[in-house]
Amino acid sequence: MEVRDLRGKVVTIGSMVRYTGTGTSGEVSAVKVEKKQGWAKMNDSDLWYNTEYLEVFNKSETKKSRNNQDKTTAAMEKSKNMRKGLEEIAMGSELCDGGG
């Protein structure tokens, strides 16, 4: 059985696909059929996606999405650095009295 996207295009290893739910896109690293349902695994996320919600597109269309991915990566890196900075703050165990 061939695995097809939401438009009926065949999904193969190496295909560029976009998950319509979130706009996540990437290259297909594996394809499988389970209980008569097609699934494709993306390289970047290492997650399996139901092919009914994927659309195959040409690599030339990735320029726009690459800019969005770069912004997402930068935001995730900034968040990780902020989290790391918060973990380095020493929290004392001393109690303080409040009020007068």
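**Figure 1. Contacts of Val 11 and the nonpolar core in the predicted model.** In this predicted model, Val 11 is in contact, once its neighbours within four places in sequence are left aside, with Val 3, Arg 4, Asp 5, Val 17, Val 28, Val 31, Ala 40, Thr 51 and Val 56. Val 11 is also a member of the largest nonpolar core, which has nine residues and includes Val 3, Val 17, Val 28, Ala 40 and Val 56 as well as Met 42, Tyr 49 and Leu 54. The elements that give two or more residues to this core are strand 3 (37–42) and strand 5 (54–57). As a general background to this view, nonpolar side chains in soluble globular proteins tend to be buried together.

**Figure 2. The aromatic pair of Tyr 19 and Tyr 49.** A search of the whole structure finds one aromatic pair. The partners are Tyr 19 and Tyr 49, whose rings lie 5.1 Å apart, centre to centre, with 50° between the planes, and the arrangement is tilted. The geometry counts as tilted because an angle of 50° is neither under 30 degrees, as stacked rings require, nor over 60, as edge-to-face rings require. The pair links distant parts of the chain, since Tyr 19 belongs to strand 1 (residues 16–19) and Tyr 49 to strand 4 (residues 48–50), and the two are 30 residues apart. Tyr 19 counts as partly exposed, with a relative accessibility of 23%, whereas Tyr 49 is buried, with a relative accessible area of 11%. These two labels differ because the limit for buried is under 20% relative accessible area, and the values are 23% for Tyr 19 and 11% for Tyr 49.

**Figure 3. Strand 1 between its pairing partners.** Strand 1 pairs with strand 2 (residues 25–34) in the antiparallel sense over three bridges, and with strand 5 in the antiparallel sense over four bridges. Towards strand 2, Met 16 stands opposite Glu 27, and the bridge partner of Arg 18 is Ser 25. Towards strand 5, the bridge partner of Tyr 19 is Leu 54. Strand 1 and strand 2 form a hairpin with five residues between them, and in its turn Gly 23 has a positive phi of about 85°.

**Figure 4. Charged ends over aromatic rings.** The charged end of Arg 18 sits over the ring of Phe 57, 4.2 Å from the ring centre. In a second arrangement of this kind, the charged end of Lys 32 sits over the ring of Trp 48, at 4.4 Å from the ring centre.

**Figure 5. The hairpin of strand 2 and strand 3, with Lys 35.** Strand 2 and strand 3 pair in the antiparallel sense over six bridges, and within this pairing Val 28 stands opposite Met 42 of strand 3. The hairpin formed by strand 2 and strand 3 has two residues between the strands. Lys 35 lies in the loop between these strands and, although it is not a glycine, has a positive phi of about 55°. At 82% relative accessibility, Lys 35 counts as exposed.

**Figure 6. Asp 46 in the loop between strand 3 and strand 4.** Asp 46 lies in the loop that connects strand 3 and strand 4 and has a positive phi of about 60° although it is not a glycine. A polar contact of 3.2 Å joins the side chain of Asp 46 to that of Lys 41. Asp 46 and Val 28, which are 18 residues apart in sequence, are 9.4 Å apart in space, C-alpha to C-alpha.

**Figure 7. The surroundings of Asn 50 in strand 4.** Asn 50 has its place in strand 4 and is buried, with a relative accessible area of 16%. Residues up to four places away in sequence not being counted, Asn 50 touches Gln 37, Gly 38 and Trp 39. With Gln 37, Asn 50 also shares a polar contact of 2.7 Å between the side chains.

Terms used: Residues numbered from 1 in each chain as written. Predicted model: local features only at pLDDT ≥ 70, side-chain atom pairs only at ≥ 80, totals over all residues. Heavy atoms only, no water. Phe/Tyr/Trp six-rings, centres within 6.5 Å; stacked < 30°, edge-to-face > 60°. Buried < 20%, exposed > 50% of the residue type's maximum accessible area, 1.4 Å probe, protein only. Lys NZ or Arg CZ within 6 Å of the ring centre and 35° of its normal. Core = buried A, V, L, I, M, F, W, Y, C linked by side-chain atoms within 4.5 Å. Contact = heavy atoms within 4.5 Å. Pairing = 2+ DSSP bridges. Polar contact = N/O pair within 3.5 Å; in protein donor to acceptor, adjacent residues only side chain to side chain.
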